[in-house]
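Dear colleague,

I am handing over the structure we spoke about, with the sequence alongside. Please have it open while you read, as the notes below follow the chain through its fold and then its side chains.

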Amino acid sequence: MSQLEKKAGLLRRTSSSKKPLKEKVVLMYDEIFAKEDPAKNNPRFWDELFLMKVNLEYLESKLESVDGEEVQRIQDNINSLFHHCVQALGEEHQIKVVNALQTLCALFRGVHQKNKSASGFDIINMLMGFDKAEQRMKDLMERLDSLLCGEGSESLKSLCLKLLLCLVTVTDNISQNTILEYVMINSIFEAILQILSDVSSRGQHGYDAVVLLALLVNYRKYESVNPYIVKLSIVDDEPTLDGMGMVVHHALTEYNRQYKDKEEENQGGFFSTLTSMVGSMFIADADEKLSVQTNEAILLALYEAVHLNRNFITVLAQSHPEIDLACTPATPTPTTPTTPLGTTPPSLDMMNNPELPLDPNLQTSNLLITFLKYASIVMQDTKDEHRLNSARLCLIILTCIAEDQYADAFLHDDNMNFRVNLHRMPMRHRKKAVDKNIPSRPLVCALLDLMVEFIVTHMMKDFPMDLYLRCVQIIHKLLCYQKKCRIRLHYTWRELWSALINLLKFLLSNETTLLAKHNIFHLALLVVNLFNMFITYGDTFLPTSNSYDELYYEIVRMHQVFDNLYCMVLRVSTNTGQWKEPASKVTHALVNVRAIINHFNPKIESYAAVNHISQLSEEQVLEVVRSNYDTLTLKLQDGLDQFERYSEQPKEAAFFKELVRSISLNVRKNVSLNTLSQDVLLKEFSTIS
């Protein structure tokens with residue numbers, strides 16, 4: 001049978017002379033698309049319709065094929081179909097409810113697909129009649145709410161969420177979906193929370209619920225008061241917040257596990273390498289996507305929770321000794337081999353299996369650790385816009401965390417030590433880190449490691465300036481907290497100093513290329529001011545006096561980079577041009593660094609001459625530094641421990657608008673006809689009482 005015949009619901013020919021027969025449901029759809037009221041000659045028309053297996057493709061294609069004049073002609077019938085769908089949601093026969101939900105999905109999608117250029121009001125009018133829309137949507141949302149909160153079938157709840165995801169994502173720009181005004185008025189927020197707070201329902205529906213909430217929060221968020229934003233910001237119920245955290249935690253854990261499995265597979269023996277090489281000739285594209293595709297929907301949900309709800313910060317540190325998201329057995333979500341990592345919810349058997357060995361940290365893992373590992377994967381490769389945006393969202397989330405006082409407290413807590421195995425980009429000039437050598441440290445060390453890793457690995461021609469600025473600002477915020485609370489963190493600070501100096505060196509080497517696209521002086525200023533933080537306040541937060549000596553040693557050892565930077569900014573600031581002012585700020589910021597270099601360099605040279613040593617050892621240089629502090633004069637610089645707090649509006653508004661559009665398109669694609677297949681549902685409701 002051809003695809004066309006299938007779509008039209010044609011049955012197999014009985015003989016070559018007879019025309020193929022149409023399914024009963026297709027004939028009934030045709031009646032709806034005729035001018036007459038279909039119930040006129042058959043009073044039981046609507047009852048019978050919802051007992052028939054829905055032909056989604058045919059109904060959607062029929063709606064898409066209707067032209068302007070026909071719309072006017074059949075609008076009453078479409079309105080009536082919508083009305084009877086909503087009524088059927090209250091039926092006791094669950095098959096009717098299933099068919100009504102699927103029919104509504106086809107209605108929403110078909111009408112929007114056909115009328116992309118139409119106004120939201122015209123679409124509302126075509127679907128339900130503008131004068132009755134408020135009541136129809138109120139009834140629909142109430143019935144969906146009662147289905148989601150009731151004791152009924154899990155498959156029905158799943159279908160309700162699929163319908164809501166379908167409704168929310170029918171337009172590319174979520175804020176242009178006028179029907180969502182009714183979803184704002186008739187809130188299902190409490191139903192979503194109920195799903196998240198219950199262990200069993202969370203395991204089966206948590207992913208869809210969290211994605212739905214993240215999308216609803218982004219509806220006209222800058223234009224009007226969005227009740228979902230208001231309600232999410234004040235949730236303080238611990239089981240609910242924990243539930244949301246568990247869903248995000250498991251989605252990210254699943255991604256990390258798949259990535260690690262793939263990484264280990266690619267690092268197998270000779271035969272494995274050969275097989276991979278030969279295999280990649282045929283599936284290179286799918287393979288590449290598999291390793292880098294990120295789950296932006298779940299990342300957006302994490303961002304909204306961290307950004308809007310201060311109570312959620314406590315969830316980041318909640319330990320998850322084992323996987324216990326769901327206790328009831330369920331059918332795993334089928335995925336195809338080419339499905340990009342992270343775009344589908346984690347499989348339910350993974351959520352249900354407490355014995356699944358994910359990684360060595362599982363016994364002492366929490367959401368923040370899982371997120372840091374996830375970020376270390378997605379931030380490795382930022383060469384295309386999609387990956388760049390994922391890395392940007394990770395850094396925005398880390399920015400919100402770094403400036404939260406409670407988060408900073410547990411990040412720096414000496415009693416909460418973890419081994420965090422971050423993924424590191426393979427580089428020729430360094431050995432692969434051995435997992436077992438990772439020490440158990442406060443979580444802030446892993447966060448600093450992540451920032452250092454990013455700084456070291458992304459110095460390239462297509463320079464991700466925005467990500468570097470965020471990275472350096474996160475480090476600054478952490479230092480401000482350490483200075484304020486006098487926390488002496490035992491961290492390998494020299495790695496950070498070395499990374500920052502190499503970054504300055506890179507900016508100098510590529511000045512002309514970078515200045516054509518970026519204000520490199522702003523980044524240089526932030527980096528120099530990090531050194532000023534260490535110079536001015538380091539005695540309050542560096543772990544030992546020896547660490548402070550090592551800071552001076554690094555500045556003196558790499559003095560050529562600072563000298564070259566000073567020459568460059570002096571040259572630019574003395575010429576007229578667009579960079580005059582930002583360059584002069586760097587000139588002023590370098591005053592103490594230059595004072596250190598100019599003070600200690602002659603002393604070191606003198607020491608070498610007196611002792612007839614051509615090249616001093618590190619210990620000898622440190623000795624010179626220690627014995628000459630008292631004659632060093634530094635200027636007190638204001639505002640080093642001040643920073644501008646993160647604000648989404650207006651700076652990030654355009655980014656989130658595009659991100660939500662991308663997520664919406666992806667969700668719409670994944671809520672496909674296959675996911676709404678009736679086979680599973682009808683098995684569950686095979687008997688009609």
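Of the contacts in the protein chain with a separation of 6 or more, what percentage comes from residues 24 or more positions apart? The answer is 78%. Please keep in mind throughout that this is a predicted model, and that the values below are computed from it.

**The chain as a whole**

The protein chain has 689 residues, of which 53% are buried, and its secondary structure consists of 33 helices and 4 strands. The surface that the chain exposes comes to about 31900 Å², and carbon and sulfur atoms contribute 51% of that area.

**Salt bridges**

There are 36 salt bridges in the count. One of them joins the side chains of D30 and K62, with an N to O distance of 3.7 Å; this pair links distant parts of the chain, since D30 belongs to helix 2 (residues 24–32) and K62 to helix 4 (residues 56–65), 32 residues apart. Both partners are partly exposed, D30 with a relative accessible area of 22% and K62 with one of 25%.

A salt bridge is also found between D47 and K96, at 3.6 Å from N to O. Here too the pair links distant parts of the chain, with D47 in helix 3 (residues 45–49) and K96 in helix 6 (residues 94–114), 49 residues apart. The aspartate, D47, is partly exposed at a relative accessible area of 29%, whereas K96 is buried at 8%.

The salt bridge between R257 and E254, whose closest N and O atoms are 3.0 Å apart, lies within one element: both residues are in helix 14 (residues 238–266), 3 residues apart, which is about one turn of the helix. E254 is buried, with a relative accessible area of 8%. Elsewhere, salt bridges with shared partners connect R494, E550, E554, R557 and E618 into one network.

**Aromatic rings**

The count of aromatic pairs is 24. Among them, F463 and Y468 are stacked, with 4.5 Å from centre to centre and 15° between the planes; F463 is buried with a relative accessible area of 3%, and Y468 is buried with a value of 0%.

Why does the pair of Y552 and Y629 count as edge-to-face? The ring planes of Y552 and Y629 stand at 85°, with the centres 5.2 Å apart, and the pair is therefore edge-to-face, the cut-off for that class being an angle over 60 degrees. The two rings come from distant parts of the chain: Y552 is in helix 27 (residues 545–557), while Y629 is in the loop between helix 31 (618–626) and helix 32 (653–670), 77 residues apart. Y552 is buried, with a relative accessible area of 1%, but Y629 is partly exposed, at 24%.

A further group of rings, made up of Y491, W493, W497, F534 and F541, forms one aromatic cluster.

**Charges over rings**

Finally, two positively charged side chains deserve a look in the viewer. K483 is placed over the face of Y537, at 4.6 Å from the ring centre, and R594 is placed over the face of Y566, at 3.6 Å from the ring centre.

With best wishes

Technical notes:
Residues are numbered from 1 along each chain as its sequence is written. This is a predicted model: local features need pLDDT of at least 70, side-chain atom pairs count only at pLDDT 80 or more; totals for chains, interfaces and linings use all residues. Side-chain values use heavy atoms; hydrogens and water are left out. Helices (H or I, at least four residues) and strands (E, at least two) are DSSP runs, numbered from the N terminus. Buried means under 20% relative accessible area, exposed over 50%, partly exposed in between (1.4 Å probe, protein chains only). Contact means heavy atoms within 4.5 Å. Accessible areas come from the Shrake-Rupley method with a 1.4 Å probe; for residues, only the protein chains shown count as cover. A salt bridge is a side-chain nitrogen of Lys or Arg within 4 Å of a carboxyl oxygen of Asp or Glu. Rings of Phe, Tyr and Trp (its six-membered ring) pair if their centres lie within 6.5 Å; planes under 30 degrees apart count as stacked, over 60 as edge-to-face and the rest as tilted. A charge sits over a ring if NZ of Lys or CZ of Arg is within 6 Å of the ring centre and within 35 degrees of the ring normal.
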